[in-house]
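Colleague: I would like to learn how to read the principal features of a structural model. Could we take them in turn?

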Amino acid sequence: MKFLTATILTALLSFIAGIFMPIWWFFAVVALLVALLIHQRAGKAFLAGFLGLFILWFILAFWMDSANNGVLSVKIASLLPLGGSKWALVILTAILGGLIAGFSAMSGSYLRTSGTKNNF
Amino acid sequence: MRIGPFLVSVIIAGGLIYALNRPWGDKVPMPLGKFLSPQFGIWQNAEESDNDFTADLKMEGLHGKAEVFLDERLVPHVFAEDDGDAAFVQGYLHAKFRLWQMEFQTHAAAGRVSEIIGERALAYDRTKRRLGMIFAAENMLKEVEANPNTKKILDSYTAGVNTYINSLKESQLPVEYKLLNYKPELWTNLKSALFIKQMTETLAGSVDDLPLTNARSFFSDDELKVLFPQVPDSLSPIVPKGTVFAPPSIVPIKPADADSVYLEKKDTVQLVDLYQPDPNNGSNNWAVAGSKTKSGAPILCNDPHLELSLPSIWYEMQMTTSTMNAYGVSFPGIPGIVIGFNDSVAFGFTNSQRDVRDYYEIKFKDGSRQQYWFDSAWKDATMRPELIKIKGKPDYIDTIAYTVFGPVMYDKSFPADTISFKEKNLAVRWSAHDPSNELLMWYYLDRAKNFDDYHNAIQYFTCPSQNMVFASKRGEIAIWQQGRMPALWDRQGVYVMPGYDNNYRWQGYIPMEENPHVVNPASGFVSSANQRPVDSAYPYFIPGKYDLYRGYTINKRLDSLQQITPEDMMKLHNENYNSFAQMMRPLLLKYVDESKLSADEKKMADLVRNWNLINDFDEKGATAYQTWFDSFEVLIWSDELIKAKNLYPSERTLVEALLRDSAFKYVDDITTPQKESLYDIVTIALKKATPELLKEDNDNVLAWGKHKNTTIYHLLRTSAMPFARPSLHIGGGQHIVNATQHSHGPSWKMIVHLTDKIEAYGVYPGGQSGNPGSKYYDSFVDQWAAGKYYTIWYMHAGDKLDKKAKWKITFEKI
């Protein structure tokens, strides 16, 4: 339950932050805060952060690409060394977001264990 | 204790963000994380295929209200009461759909590319600074801002561009900014002037003065007159042959010592201009009078040939105000309709190809370049420092000496790698430096009602001089070669001239009424295709880089056509007949020695023999002919002209020389002991061409269209190939009316039938949106390649509820 909540909260709050904050990587702060708030072990926190952003970025990229009929993604996937595969581009996008969020969430988890270890 | 793991994971997360927030070198030049972020990066540029462009905008800077109706091709039809508001909206739309190209092209014009891509553009930037591009734009802007009409229009245009730029969030930046990782700066009036100067350099910047000066060391002036003749035999000029010209009002005086210190001076500059404009830049235009059309109304046609690019150089639109209702194509970067029509008239342009750029050799007193020898005294140069910013490096300051002629473009510091050039200083005299207000011509032309208005409008155009074609509903047709062109003495400016003597300067300018023109001729048509405008009877010396064969074909066709319809004009635009080959092929076939040919070589000769002289996509004979000719041309010239930096005479000069005399003295290969005849050279040429042709045949690319492989590149050229449209199915080529070459050709094709209700057709190889993520980015390309047109919707105020008005943007002041 904690895991699912953390995952969904990371995704949701990151999306909102993306609308209001002018910094593309602000979701890293979000993932860290969520992990601080909903404490899990480091591995689980990483996975929740990773999945939160992976799912968010995958859905956003997939959704925008579908509305665009793949006009842009195919070009960008040829410009980057991805062989013109729009799926590779969507997945690369999701993985990059996931990795940053995962390690940020992991940091949040360690931060809480280090700061509040006596309370639990 | 979890501090250790915490630090490790924070460092990994931070490291990832850091690494993905910066470029990774050539393969991945963008900050990948930011670039791929769905809420900030390129996914934001993936325009929805059913995007709704309708909007109600409120902004400062407008005087009243404006409405923009976008049709299904995304062509905006602007309705504004006030001329300034229309220009404001045009600036806004140009920026909304084409911001990156506007800025990139004006950065290129100003020599500011190093700012974006780094030090590798420094030599390019210095060339622009040393040619005086910014100096020229500043001189122009003073004139533009001194005229209340053009000042109002340009100020409003700039305000419109900047209103859009200021409204942009980083996530909405065009893809190219995200790719190259920079941001747009605000627009200025100077940038619009720079845009015009960039076009000016493209069209009036190409000269052979330096290679010809090199050639003068090895050939006499008389020999060079034969190799680079002024009037070709098969010329079909703009002003019909046999026209009687009035005596010239200016008779420039040839300096007394010209023969010894200029024409026969043996001295080489060992330099070729860097970054020469493409010699293929040119165009076709013509107008036929009602006497030759089926409807009885004139038809005007134009297709400017430029480097084909995405985003396109053109943006199609209509602008309606209380003073005008003009439709056509505009240049993103300047206000107004550049090629188009209104309720009463239509107008178009081709380049005059006239030489308005000359070089003078300067002698400085010392290394400081502060003083130069002129009219028997040391004269002060004006030193102009040019600051060049370089991405990732300290700024570079290039200080340029300005003389009475203009900037000293080449000196000991530039170009840096030409050792043999250290002792030479060359100043450039270029018409584009002179004060002028080209915008004023378009201001009046967009609003012209008749010939008198056109005649009045074109006087304001200085450079690049153009063949300005005109037709009106009243039935007038005209063409005028207009611009400010120097009155030169015979051979003036062909070579680098002495810079110490006032007598070598330009002595005056040809008055407009003496510029070549044709008004309402009995033939019922006027036309131009970059050919020499007049025959040898014209009383001025007018060197230039002229074309020949397109004009020859067009005049022949127009002469024979009667009862002309717009469909006939489309056919002529798309005409692939090769008049050059028509004249040259008989020579190749006559002089090839069949007895010396192998089976393969015979096969190639047969391909050429059986070819229909039409450069259609599938014609293998066209490729065989062209490759054979190219090989022949190299054999004829390379032996003699290698010393002169391989500046070859034009194809027409070669054909005409051989038609006059098959024993033309350059036929012999001077590198061999024996004497070759035309039979030998033609045969060797085919033998040399055959392996390449066989290989192309094997690779299945011998068909003409596959051989030339027409490609529309993105402005970033080969570094953005996925944004290009390669391998288009289209014929045509050099010297052909359909002038479509590998990456060069008709950049806008327009046909305007001046009936009561104007009937117009147009197409360009691009699309209205500059965004590679929009389906409107290249939506016209297939139609263009197929030789088809769109029927233009010339909207009137009463059509606002018409279904063709698909989206509506309203602009209101706050």
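Modeller: The discussion below goes from chain A to the contact between the chains, then to the sheet and the cores. This is a predicted model, in which local features need pLDDT of at least 70 and side-chain atom pairs count only at pLDDT 80 or more, while totals for chains, interfaces and linings use all residues. Residues are numbered from 1 along each chain as its sequence is written, chains are lettered from A and ligands numbered from 1 in the order in which they are written.

Colleague: How many helices and strands does chain A have?

Modeller: Helices (H or I, at least four residues) and strands (E, at least two) are DSSP runs, numbered from the N terminus. Chain A has five helices and zero strands, and its elements read α-α-α-α-α from the N terminus on. The C-alpha trace of chain A spans about 55 × 25 × 25 Å along its principal axes.

Colleague: How should one read a single helix, and which residues of helix 2 of chain A are buried?

Modeller: An α-helix has 3.6 residues a turn, so residues three or four places apart point the same way. The expected span of a helix is 1.5 Å times one less than its number of residues. For helix 2 (residues 26-37) of chain A, with 12 residues, that gives 16 Å, and the end C-alpha atoms are 17 Å apart, which agrees. A residue is buried if 20 or more other C-beta atoms lie within 10 Å of its own, exposed if 12 or fewer, and partly exposed in between, with C-beta atoms placed from the backbone. In helix 2 of chain A the buried residues are A:F27, A:A28, A:V30, A:A31, A:L32, A:V34 and A:A35. Of the 120 residues of chain A, 52% count as buried.

Colleague: How many residues of chain A are in contact with chain B?

Modeller: The size of an interface is often given as the accessible area lost when the parts come together. Here contacts are counted instead: two residues are in contact if their C-beta atoms, placed from the backbone, lie within 7 Å. By that criterion, 36 residues of chain A are in contact with 37 residues of chain B. Helix 3 (42-67), helix 4 (71-79) and helix 5 (86-116) of chain A each supply at least two residues of the side of chain A that touches chain B. The largest share of that side, 13 residues, comes from helix 5 of chain A.

Colleague: In what order do the strands of the open sheet of chain B run?

Modeller: Strands of a sheet pair through backbone hydrogen bonds, either parallel or antiparallel. Two strands are taken to pair if DSSP finds at least two bridges between them. In chain B, an open sheet of 11 strands has the order 1-28-2-3-7-8-9-10-18-19-21, with mixed pairing. Strand 1 (55-59) and strand 21 (517-519) of chain B stand at the edges with a single partner strand each, so one side of each is left without a neighbour in the sheet.

Colleague: Which pairings illustrate the parallel and antiparallel senses?

Modeller: Strand 1 of chain B runs parallel to strand 28 (residues 807-813) of chain B, joined by five bridges, and B:D56 stands opposite B:T810. Strand 2 (residues 65-70) of chain B runs antiparallel to strand 28 of chain B, over six bridges. There, B:L70 has B:W807 as its bridge partner, and B:K65 has B:E812. Strand 2 of chain B also pairs with strand 3 (residues 76-80) of chain B in the antiparallel sense, over five bridges, where B:A66 stands opposite B:A80. The hairpin of these two strands has five residues between them, and B:L74 takes a positive phi near 70°.

Colleague: Which residues touch the most other members of the largest nonpolar core?

Modeller: In soluble globular proteins, nonpolar side chains tend to be buried together. A nonpolar core is a set of buried Ala, Val, Leu, Ile, Met, Phe, Trp, Tyr and Cys residues joined through C-beta atoms within 7 Å. Of the 241 residues in the largest one, A:A31, A:A105, B:V89, B:A287, B:L426 and B:F470 touch the most other members. Helix 3 (residues 83-109) of chain B gives the largest share of this core, 14 residues.
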